[in-house]
Amino acid sequence: MSEDNINKDLEGSVSNENPVSDLYEDWFLDYASYVILERAIPSIDDGLKPVQRRILHSMNNIEDGRYNKCANIIGSSMQFHPHGDASIEDALVNLGQKDLLIDTQGNWGDVRTGDKAAASRYIEARISRFGIETLFNEKTTEWKLSYDGRKKEPINLPVKFPLLLAQGVEGIAVGLSTKIMPHNFCELIKSSISYLKGKSFKLYPDFPNGGMVDITDYNDGKRGGKIRVRSKIRELDKSTLIIDDIPYNTTTTNLIDSIIKANDKGKIKIRKVLDNTAEKVEVLVHLHKNQSPSITIDALYAFTDCEISISPNACVIVKEKPQFLGVKEVLKYSADSTKSLLKKELEIKRNELKEKILFSTLERIFIENKIYQKIEDCETWNEVIETIDKGLDPYKKDFYREIVKDDIVKLTEIKIKRISKFDKDKLNDSIIKLNEELDKTNKNLKNIVEYTIDYYYNILNKYGKGRERKTDIVKFDTIKVKSVAANNVKLYVNRKEGFIGYGIKKEEFVCNCSDIDDIITFCADGSYKIVKIQDKVFVGKNIVLTQIWKKSDKRMVFNAAYLDVKKGFSYVKRFQVTSATKEKTYNLGKGDKGSKLLYIASRPNGESEVVTVHIHASQKARKKVFDYDFSEIEIKGKAAKGNILSKYRVRVVKEKSVGLSTLSGIKIYYDNSIGRLNTEQRGEYLGKFNGDDMIIVVYKDGNYELTSFELTNRYDWNNVLFLDKYRDDGIMSAAYYDGKLKNYYVKRFNIETNTINKKFLFVSQEKGSKLEYASFKSGETISFKYFINKKLKPTEIKLDDFIDVKGWKSIGNKINFEKIRSGTFSLLGRDEDTTSEENEDKVLPENKDKKEIKQENFDVGESLELDLDSDQLNLFNEKD
């Protein structure tokens, strides 16, 4: 063959082949589509991924009421799932740990600790009763051939429950992912009922680990939304914290590792951490002596896995295409699908009942009219069929459909024994019952929405017990990381060369700080700069003052004196630096060359001071030395020029004395929804606080506690009855039930204790005792209700007139009314208080303009052992 012919053949073969890039494009798209549809993303119809659907189908095939070895279940599932036993085993364990569709036996691991399940040959499983009732129905299931064509498998299971939202799901496909949070079993059913009734509903995540969740940015579970999940942390004592619940998708092992890692980095300071998890999660965090538990709790949320952020992304397969939906849309689809499936089941049942009634009627006619005797003389099969058909002619008009040959054949198959023992009345009763059942079915079909609602109620009543919400929905406070970070580095300064940092350890020590703090530095030429703390950083030569800077700190005031070289005057100014651009150089004056910083002092609470000013000896001023009081000038912004200190040349300015703060008190508010203090006007206004002012906290269990007004304080908002600003002359008023004496008492007393952060019980310690009402205000009148002649009657007591002020341990005065109803104590009115200047600024809660302000009450336990007859008890349990 010539060379030209060979080249022609090669050119022809190349021209018939597709470029590799084209092949890759098609193959990649096919692969991506396969992974999305067949591996990672669940179907909206049944809420299952293919591997989960095949596992449940296999388990249903071998279901006999007993447990099956998981190895056997995996082997059976491999008839339908072509991707090996490992993926099946992982999916099976995941389903079992959700404790909904599968009853498990053996060591299935622990999602809380991260412990893995035992090998599949050692653990067993079966479909739960809930799963059998809601997942399977062969008559309403659509089928397809398995991957090898040998078996039939369901396209989707006929699930009559919002399974996708109950279990939650995570999956990563090619260029696509899904993350749907688990939701509460009972809430899903109630929301489905609300939707079918045409009412609005809300859906929020609920996690098997419990904990707390902030759903402010949940965005209905769609892309772009976010939730924050926290552990529940409480104080065991002043040196020990207990972590009771852990965030979703976190294990105690990972949580402890994150705590140890944060401690090693110096973000938090703890002595040790222990995992005592058994039936319940319990992680103990031991603190160092004199360490603040409240600040440590904030630091755990800020720097460890005690708080995590999750971004939902609800992606599901709808009609063989991935779609991004909200959880409400998914639930509505599920409710409509459930209604459709129930309707289909009823239609199938109706047809079956019609057929049973038809054949029972044919059987009665066939035997009662002795048509069977007429076929004795028939010689051929066709004659038999024709004879029976002719015998049925007078009755055919009463049947709902035409009688066909198969119906007649079934009559010929009736056994002689059944004909000989024919009971007409029994058969008629059976037909009557079948007709009643048919009428009921037709009624349900006409009222399919009500029937679906009843179905949901039935599921809720049968399986809802023990599936109450585990995760508390709470609006989280914003933790300022820099305020809770532990001091893990030391700040040093080289004043002459102008360097600061934690790496220049041979230089002058300034203070302890965190490695995320910002530092403000003032130099001798009047310039200043804010930088993030580093190992070593240049800020300007001849440093005069360097310290930690906190953004938006309106309490920190700088008192300064500087020389304006251009005019030759010296100025004084009081200013705040609440915001600034990092690494940018600012100046006290205009920044002219030769300007000089004469004096600078930082005052964390806006204190003023008196300084002594020395005029240079060469100047002609009459007074060469005089005092200046900074309280005489106002606090302004950092760009203010200030007031003239002297027109003469100043030699030196020295501090003489520090005065009181010139700032007004800090306005403190209490946000009851999160149990935190704030200055952002969230919640109830408590007052203006200065220096040693304190807060009094009264708890529902009858304790009171004095605390500081630090914004880092945490309060158990579930147990707090009220907070107020503590006053030395304040009087506590309280009404309580004594569990031993079986009577109600009122007491008024001064706070005689002054120990900070220690609780004191001021009601009876006896079992069943209960605090009904408490207040730190004077001149109050309270109301309550009591039984008289089997009726509730209201009455009132003016506390100041009812009892004098006594000691905090006193019992108090008995309320001389029998059969008082617990939970009815409330504030009726208060005398006008003209002694408090803070009332002018006080922001009252929205309900304060109402005549009666009902104070929150709580369960009595065993305290209400009242001597009531049965009628009174019934009345007692009625709502007011």
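**View 1. Ile-695 stands opposite Lys-725 in S39.** Welcome to a predicted model, in which local features need pLDDT of at least 70, side-chain atom pairs count only at pLDDT 80 or more, and totals for chains, interfaces and linings use all residues. Residues are numbered from 1 along each chain as its sequence is written, and side-chain values use heavy atoms, with hydrogens and water left out. Labels such as S39 or H11 follow DSSP runs numbered from the N terminus: helices are H or I runs of at least four residues, and strands are E runs of at least two. Strand S37 (residues 695-699) and S39 run antiparallel and are joined by five bridges. They belong to an open sheet of four strands, ordered S39-S37-S38-S42, with antiparallel pairing; strands count as paired if DSSP finds at least two bridges between them. At the edges sit strand S39 (720-725) and strand S42 (759-761), each of which pairs on one side only. With direction ignored, neighbouring strands of this sheet are turned by 20° against each other on average. Angles here run from 0 to 180 degrees between N-to-C directions, and axes are lines fitted to C-alpha atoms, for helices over the stretch in contact.

**View 2. A second open sheet has four strands in mixed pairing.** Here the order to follow is S14-S9-S8-S17. Which strands form the edges? They are strand S14 (307-310) and strand S17 (472-473), and each pairs on one side only. Moving inward from S14, you meet strand S9 (residues 227-230), which runs antiparallel to S14 and is joined to it by four bridges. To find your place, look for Arg-228, whose bridge partner in S14 is Ser-309.

**View 3. Strands S10 and S11 form a hairpin, with Asp-244 in S11.** Two residues lie between the strands of this hairpin. Strand S10 (residues 232-237) runs antiparallel to S11, and five bridges join them. One landmark is Asp-237, which stands opposite Thr-240 in S11. Now look at Asp-244, found in strand S11 (residues 240-245). Which residues does Asp-244 touch, not counting those up to four places away in sequence? They are Lys-232, Arg-234 and Val-281, where contact means heavy atoms within 4.5 Å. With Arg-234 there is also a polar contact from side chain to side chain, at 2.5 Å. A polar contact is a pair of N or O atoms within 3.5 Å; within protein, one must be able to donate a hydrogen and the other to accept it, and residues adjacent in sequence count only if both atoms are side-chain atoms. Gly-210 is 34 residues away from Asp-244 along the chain, and their C-alpha atoms are separated by 8.9 Å.

**View 4. Helix H11 runs alongside helix H16 in a roughly antiparallel arrangement.** Two packed helices are described by the angle between their axes and the distance between the axes. Helix H11 (residues 327-368) and helix H16 (residues 424-446) have axes that come within 9 Å and cross at roughly 160°. Angles over 145 degrees count as roughly antiparallel, under 35 as roughly parallel, 65 to 115 as roughly perpendicular and the rest as oblique. H11 passes H16 in a left-handed crossing, meaning that the near helix is turned anticlockwise from the far one by less than a right angle, whereas clockwise would be right-handed. The residues of this contact divide into eight nonpolar, seven polar and 11 charged. In this grouping, Ala, Val, Leu, Ile, Met, Phe, Trp, Tyr, Cys and Pro are nonpolar, Asp, Glu, Lys and Arg are charged, and the others, Gly among them, are polar.

**View 5. H11 also packs roughly perpendicular to helix H8.** The axes of helix H8 (residues 185-196) and H11 are 10 Å apart, at an angle of about 75°. From H8, the residues Leu-188, Ser-191, Ser-192, Tyr-195 and Leu-196 meet Leu-331, Lys-332, Ala-335 and Asp-336 in H11. Sorted by class, that gives five nonpolar, two polar and two charged residues.

**View 6. Helix H17 is roughly perpendicular to H11.** H11 and helix H17 (residues 448-463) pack at about 105°, and their axes lie 10 Å apart. Among the H11 residues that meet H17 are Ser-334, Ala-335, Thr-338 and Leu-346, while those on the H17 side include Ile-448, Val-449, Tyr-455 and Tyr-456. This contact has eight nonpolar, three polar and two charged residues.

**View 7. Two loop residues, Asp-99 and Asn-290, have positive phi.** Asp-99 lies in the loop between helix H5 (85-97) and strand S2 (102-105), and its phi is near 55°. Asn-290 lies in the loop between strand S13 (283-286) and helix H10 (293-303). The phi of Asn-290 is about 65°, although this residue is not a glycine.
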